[in-house]
Amino acid sequence: MSVTVQPQPDRPDPTVIAAQNDAFRKLACLGVPPAQPIQGRMHVTRSLMEAGDGFMAEAVKATGEFATFEPENDPEGWHDFGAVEIRGETVFWKIDLYEADSDFRYGAEIPDNPATTMRVLTIMLARDW
């Protein structure tokens, strides 16, 4: 018996989403303008803001520079989560995708379409999870 895997045209392309998430992260964290317009916002948790002594700036920069995606930390291939170490403290970042006009109530219906998708990047101390 042989099984043929058919492409799924209704499924979003993970390589497109990964490239968009990487571009958004670099824009939000490093100020690198994307090749195509991309909508989103960045949030940092209160404890990260209160860490002091430039810690938050280091965490944001490390988030923007993160590139160590492996099947274990990126199973869907979307580049939507990572963990960085700052001064011995683990910092998590996560990108969630929403419908652009839904006030962050609904997940993106077509997450690989940047015109209808709003990204939210959250950066937090792992101990706050």
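User: What are helices and strands here, and how are they numbered?
Analyst: This is a predicted model. Its helices are DSSP runs of H or I with at least four residues, and its strands are runs of E with at least two. Both are numbered from the N terminus.

User: In which helix does Thr63 lie?
Analyst: One helix covers residues 55–65. Position 63 falls within that stretch, so by the DSSP runs used for helices Thr63 belongs to helix H3.

User: How many helices and strands does the protein have, and in what pattern along the sequence?
Analyst: The protein has three helices and four strands. A helix opens the chain, and three strands in a row close it. The pattern is α-β-α-α-β-β-β.

User: What box do the C-alpha atoms fill?
Analyst: The box is taken along the principal axes. It holds the C-alpha atoms of the protein. Its sides are roughly 60 × 40 × 30 Å.

User: What share of the residues is buried?
Analyst: The protein has 129 residues. A residue counts as buried under 20% relative accessible area. The buried share is 33%.

User: Among contacts with a separation of 6 or more, what share joins residues 24 or more positions apart?
Analyst: The count leaves out contacts with a separation below 6. Within what remains, pairs 24 or more positions apart account for 60%.

User: How far apart are the centres of the positive and negative side chains?
Analyst: There are 11 positive side chains and 21 negative ones. Each set has its own centre. The two centres lie apart by 5 Å.

User: Is Thr63 buried or exposed?
Analyst: Buried means under 20% relative accessible area. Thr63 has a value of 0%, so Thr63 is buried.

User: Which residues does Thr63 touch, not counting those up to four places away in sequence?
Analyst: Within the chain, the side chain of Thr63 also reaches the backbone oxygen of Ala59, at 2.8 Å. Setting aside residues up to four places away, Thr63 touches Arg25, Cys29, Val84, Trp93, Leu121 and Ile123.

User: Which elements cover the buried residues of H3?
Analyst: In H3, the buried residues are Phe55, Ala59, Val60, Ala62, Thr63 and Gly64. Their cover includes H1, E1, helix H2, E2, E3 and E4.

User: How far apart are the end C-alpha atoms of helix H1?
Analyst: Helix H1 has 17 residues, from 14 to 30. At 1.5 Å a residue, the helix should span 24 Å. The distance in the model agrees with that, at 23 Å.

User: Which elements do the buried residues of H1 pack against?
Analyst: The buried residues of H1 include Ile17, Ala18, Phe24 and Cys29. Just after the helix, Gly31 takes a positive phi of about 75°. The buried residues of H1 pack against strand E1, H3, strand E3 and strand E4.

User: Which residues does Met56 touch, not counting those up to four places away in sequence?
Analyst: Met56 lies in helix H3. With a relative accessible area of 31%, Met56 is partly exposed. Beyond four places in sequence, Met56 touches Val44, Leu48 and Met49.

User: What polar contact does the side chain of Glu65 make?
Analyst: Glu65 is found in helix H3. Its relative accessible area of 47% makes Glu65 partly exposed. Leaving aside neighbours within four places, Glu65 is in contact with Arg25 and Leu30. The side-chain polar contact, at 2.9 Å, is with Lys61.

User: What phi does His79 have?
Analyst: Most residues other than glycine have a negative phi. His79 is not a glycine, yet its phi is positive. The residue sits in the loop between H3 and strand E2 and is buried at 17% relative accessible area. Its phi is about 55°.

User: What phi does Arg87 have?
Analyst: Arg87 lies in the loop between E2 and E3. At 46% relative accessibility, Arg87 counts as partly exposed. Arg87 is not a glycine, but its phi is positive, at about 50°.

User: Which residues does Gly77 touch, not counting those up to four places away in sequence?
Analyst: Gly77 is found in the loop between H3 and E2. At 24% relative accessibility, Gly77 counts as partly exposed. Its C-alpha atom is separated by 15 Å from that of Ala23, 54 residues apart along the chain. The residues that Gly77 touches are Pro14 and Ala18.

Conventions. Residues numbered from 1 in each chain as written. Predicted model: local features only at pLDDT ≥ 70, side-chain atom pairs only at ≥ 80, totals over all residues. Heavy atoms only, no water. Buried < 20%, exposed > 50% of the residue type's maximum accessible area, 1.4 Å probe, protein only. Contact = heavy atoms within 4.5 Å. Lys, Arg positive; Asp, Glu negative; His and termini not counted. Charge placed at Lys NZ, Arg CZ, Asp CG, Glu CD. Polar contact = N/O pair within 3.5 Å; in protein donor to acceptor, adjacent residues only side chain to side chain. Expected span 1.5 Å × (residues − 1).
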